[in-house]
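Subject: Handover of a structure, with notes

Dear colleague,

I am passing a structure on to you, with the sequence and the coordinates placed just below. My notes on it follow after that, and I would be glad if you read them with the structure open.

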Amino acid sequence: MGFSGYRQLTFDRRDNGVLLITMNRPEKYNAADEELHSELARVWTDVANDAATRVAVITGAGKAFSAGGDLAMVERMAGDYERVSHMLTEMGELVYNMINCDKPIVSAINGVAVGAGTVVALLADIAIAAEDAKIGDGHVKLGVAAGDHAAIIWPLLAGMAKARYHLLTGEMITGAEAERAGMVAKALPRDEVLDEALRIADALGSGAQQAIRLTKRALNGWLRTAGPIFEQSAAYEMLTFLGPDVVEGYTALREKRPPRFPSAGPTGGM
C-alpha cells in the first residue's frame, strides 16, 4: 500500500523494510494542528497493514521533533464540546494505534518534543534523543490536565516520583537527563540521532520478524494494563478544555507572560 494520502507526514522507504516517517511542518516546529494530529493517529494502522514495512522510524523536519499542539488548534478547541469530543476519540486512537502496531517503532528525537510530539517520542518502542533536546508535558502550564499519554507511560519509564514531578510542574527534561532517568534508550549528539535510529531500525528489519513483533506485543501488555488510567487522564484533559483556565493559558502564551489562572485566584480553587 502507499502513503499518498498524507500531507504533513512524508515517507521514505529504506532497505530491509525500514520506513522513515518525517513530521513536515518545520516552519511551525512540527506543532500538531488538527490535520497533523489526525495523520499521527492513523499512520500506525497503515504501517501495520503495509506489507513492505517491517519497522518505522519517526522524526521531525528541521530543528524540532514536534513542539506540541498548535496554539491555534488549542484556541479552537477551548470550550467547544464537539471538537473536544472528537479529540478525545482521536487521542485514544493515537495511543492505542502505536501500542497495537505489531511492527517496531523507533523515534529519532532530534529536537524539542512537547504534547503530541512527546506521545510519539515516548510511546515508540525505542527512543533515541538528542542530548540537548527538550522533552516534556506542559499541559498543566496551559491549564489542562496531563492527558495524551503521560499517565500511561511516564510512571513506567521514569518511576512515579519523576513522573509526578514533571507532570505536576510541567518542567522539561533534556535528552541527556531522559536517558539517565530511563525515559529514552540513548541520548547522543544531535547530528548522530537519526543515523543511530536508522541503524537500529535496519537491525530490526533484518531480524526475526515474528520474534520481534511478539516480543513487542508482550511488553506492551504493561501499557494495555494501564489503559483505564490513560482513558481517565484523557477524559480529565478534555474536561479541562471546557473550563476557564485553558483560555487564560493560551492567552498568556500568546502575550508571552505568566498565566493568571482563574482557579488560582483569591476566589478560585476547587
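Let me begin with Arg-14, which counts as partly exposed because its relative accessibility is 38%. Please keep in mind throughout that this is a predicted model, and that the values quoted here are computed from it. The side chain of Arg-14 forms a salt bridge with Asp-12, and the closest N and O atoms of this pair are 2.7 Å apart. Asp-12 falls into the partly exposed class as well, since its relative accessibility is 33%, and the limits that matter for both residues are 20% and 50%, between which a residue is called partly exposed.

In total, 16 salt bridges are counted, and two others deserve a description of their own. In one of them, the side chains of Arg-76 and Glu-34 meet with an N to O distance of 2.7 Å. Because Arg-76 lies in helix H2 and Glu-34 in helix H1 (residues 34-49), this pair ties together parts that are 42 residues apart in sequence. Arg-76 has a relative accessible area of 35% and is therefore partly exposed, and Glu-34, at 27%, is partly exposed too. These two residues also belong to a network of salt bridges in which Glu-34, Arg-76, Asp-80 and Arg-83 are linked.

The other one joins Glu-75 to Arg-254, with the closest N and O atoms 2.5 Å apart. Here Glu-75 sits in helix H2 and Arg-254 in helix H13, so the parts that the pair ties together are 179 residues apart in sequence. Glu-75 is partly exposed, with a relative accessible area of 29%, and Arg-254 is likewise partly exposed, at 46% relative accessibility.

This brings me to helix H13 itself, which spans residues 245-255 and whose buried residues are Asp-245, Val-246, Glu-248, Gly-249, Tyr-250 and Ala-252. Which helices help to cover these buried residues? What covers them includes helix H2 (71-77), helix H5 (139-142) and helix H12 (227-240), so that H2, which carries Glu-75 of the salt bridge to Arg-254 in H13, appears here again as part of the cover. After H13 comes Lys-256, which has a positive phi, near 55 degrees.

Turning to the strands, strand S7 (residues 126-130) is mostly covered, in that four of its five residues are buried. Strand S5 (residues 105-109) is joined to S7 by four bridges, and the two strands run parallel; in this pairing, Ser-107 stands opposite Ala-127 of S7. S7 is also joined to strand S10 (residues 186-188), in this case by three bridges and again in parallel, with Lys-186 in S10 as the bridge partner of Ile-128.

There is, in addition, an open sheet of four strands, in the order S4-S6-S8-S9 and with mixed pairing. Its edge strands are S4 (66-67) and S9 (173-174), each of which pairs on one side only. Strand S4 runs parallel to strand S6 (residues 113-114), to which two bridges join it, and Ser-66 stands opposite Ala-113 in S6.

With kind regards

Methods:
Residues are numbered from 1 along each chain as its sequence is written. This is a predicted model: local features need pLDDT of at least 70, side-chain atom pairs count only at pLDDT 80 or more; totals for chains, interfaces and linings use all residues. Side-chain values use heavy atoms; hydrogens and water are left out. Buried means under 20% relative accessible area, exposed over 50%, partly exposed in between (1.4 Å probe, protein chains only). Contact means heavy atoms within 4.5 Å. Two strands pair if DSSP finds at least two bridges between them. A salt bridge is a side-chain nitrogen of Lys or Arg within 4 Å of a carboxyl oxygen of Asp or Glu.
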